[in-house]
Amino acid sequence: MAVSVPILAIVVSLHLIAFVFAVGAERRRSTAKVVPDQYDEYTFCRYDSDASTVYGLSAFGLLLLSQTVLNGVTRCLCFGRGLVTGRTTTCTVFFFIVSWTSFLGAEACLLAGSAKNAYHTKYRGVFRVDHVSCATLRKGVFAAGAALTLLSLLGSVFYYWAHSKADTGGWQKHQNEGVGMTNSDYGQHQQHPHPQQQQHANEFQKV
């Protein structure tokens with residue numbers, strides 16, 4: 001299987017866009033401050049925009065789509081016609097594990113960060129209570145998702161490249177060799193007929 005430039009471009013583009021969204025989600029994390037209600041009886045947390053949640057879920061979806069395309073083309077390494085044994089297959093399995101591990105880690109960070117960022121704490125207690133805090137997403141969750149997205153990109157690209165070198169190569173090689181040997185044997189059979197066939201042909205010519 002040769003490397004398909006359109007497939008490679010789709011995988012790279014989706015990963016890069018997901019990385020940009022993950023970085024945007026980290027920069028736009030929700031912040032909150034404690035304010036009293038209109039009756040000055042209770043305090044509650046007032047949050048700003050939830051853009052970070054939208055960015056995080058967008059990155060989650062794009063990364064999932066990229067992984068689906070890649071493993072649909074390569075048949076998830078397990079359902080192809082076979083790989084050539086050797087160093088290329090070892091590299092394929094290694095980058096397959098790297099791709100999936102980093103993908104799952106990135107998806108976990110993006111999904112957990114989006115869910116936590118969307119959680120809004122409401123009333124917390126009587127007005128003027130000390131040490132009231134609002135639940136917000138801590139710094140670094142989306143950043144970790146962005147870093148793992150880049151690692152997933154590298155793993156996916158190298159996995160696809162190695163898989164294209166290893167997939168069905170041995171099977172096609174042996175098939176071609178078998179076809180070549182069959183044609184060669186057929187040619188030799190035509191050039192050097194069996195002695196009994198030659199004898200029958202001579203007798204037919206004499207008649």
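**Exercise 1. In which crossing does helix 2 pass helix 3?** Work out how these two helices are placed against each other.

*Solution.* A quick reminder before we start: this is a predicted model.

Step 1: take the angle and the distance. Helix 2 and helix 3 pack with their axes 8 Å apart, at an angle of about 155°.

Step 2: turn the angle into a word. Angles over 145 degrees count as roughly antiparallel, and helix 2 and helix 3 are therefore roughly antiparallel to each other.

Step 3: settle the handedness. Helix 2 passes helix 3 in a left-handed crossing.

Step 4: see who does the touching. On the helix 2 side the contact includes Ser52, Thr53, Phe60 and Leu64, and on the helix 3 side it includes Phe96, Trp100, Glu107 and Ala118. Sorted by class, the residues of this contact of helix 2 with helix 3 come out as 13 nonpolar, eight polar and one charged.

**Exercise 2. Find out how helix 4 sits against helix 2, and then against helix 3.**

*Solution.* Step 1: begin with helix 2, residues 51-74, and helix 4, residues 141-166. Their axes come within 11 Å and cross at roughly 15°.

Step 2: check that angle against the cut-off. Angles under 35 degrees count as roughly parallel, so helix 2 and helix 4 are roughly parallel to each other. The crossing of helix 2 and helix 4 is left-handed.

Step 3: look for the residues that meet. Among them are Ser52, Gly56 and Leu63 in helix 2, and Phe142, Tyr159 and His163 in helix 4. By class, the contact of helix 2 with helix 4 has six nonpolar, nine polar and no charged residues.

Step 4: now bring in helix 3, which covers residues 87-118. Helix 3 and helix 4 pack with their axes 7 Å apart, at an angle of about 155°. That makes helix 3 roughly antiparallel to helix 4, and helix 3 passes helix 4 in a left-handed crossing. The contact of helix 3 with helix 4 divides into 17 nonpolar residues, 14 polar and one charged.

**Exercise 3. Is Thr53 buried or exposed?** Do the same for Val54.

*Solution.* Step 1: locate the pair. Thr53 has its place in helix 2, and Val54 is in helix 2 as well.

Step 2: apply the cut-offs, which are under 20% relative accessible area for buried and over 50% for exposed. Thr53 has a relative accessible area of 11%, so Thr53 is buried. Val54, with 51%, is exposed.

Step 3: look across to other parts of the chain. Neighbours within four places in sequence aside, Thr53 is in contact with Ser114, Asn117 and Ala118. Val54 and Ala118 lie 64 residues apart along the chain, and their C-alpha atoms are separated by 9.3 Å.

**Exercise 4. Which cysteines form a disulfide?** Describe the link, then sort out Cys91.

*Solution.* Step 1: count. The structure holds one disulfide. Its partners are Cys45 and Cys134, with sulfur atoms 2.1 Å apart.

Step 2: place them. Cys45 sits in strand 2 (residues 42-47), while Cys134 is in the loop between strand 3 (123-126) and helix 4. The pair links distant parts of the chain, 89 residues apart.

Step 3: describe the link. It has -95° about the S-S bond and is left-handed. Cys45 and Cys134 are both buried.

Step 4: finish with Cys91. Its relative accessibility is 32%, so Cys91 counts as partly exposed.

Note on methods. Residues are numbered from 1 along each chain as its sequence is written. This is a predicted model: local features need pLDDT of at least 70, side-chain atom pairs count only at pLDDT 80 or more; totals for chains, interfaces and linings use all residues. Side-chain values use heavy atoms; hydrogens and water are left out. Axes are lines fitted to C-alpha atoms, for helices over the stretch in contact, and angles run from 0 to 180 degrees between N-to-C directions. Helices (H or I, at least four residues) and strands (E, at least two) are DSSP runs, numbered from the N terminus. Angles under 35 degrees count as roughly parallel, over 145 as roughly antiparallel, 65 to 115 as roughly perpendicular and the rest as oblique. A crossing is left-handed if the near helix is turned anticlockwise from the far one by less than a right angle, and right-handed if clockwise. Contact means heavy atoms within 4.5 Å. Ala, Val, Leu, Ile, Met, Phe, Trp, Tyr, Cys and Pro count as nonpolar, Asp, Glu, Lys and Arg as charged, and the others, Gly among them, as polar. A disulfide is a pair of cysteine sulfur atoms within 2.5 Å. Buried means under 20% relative accessible area, exposed over 50%, partly exposed in between (1.4 Å probe, protein chains only).
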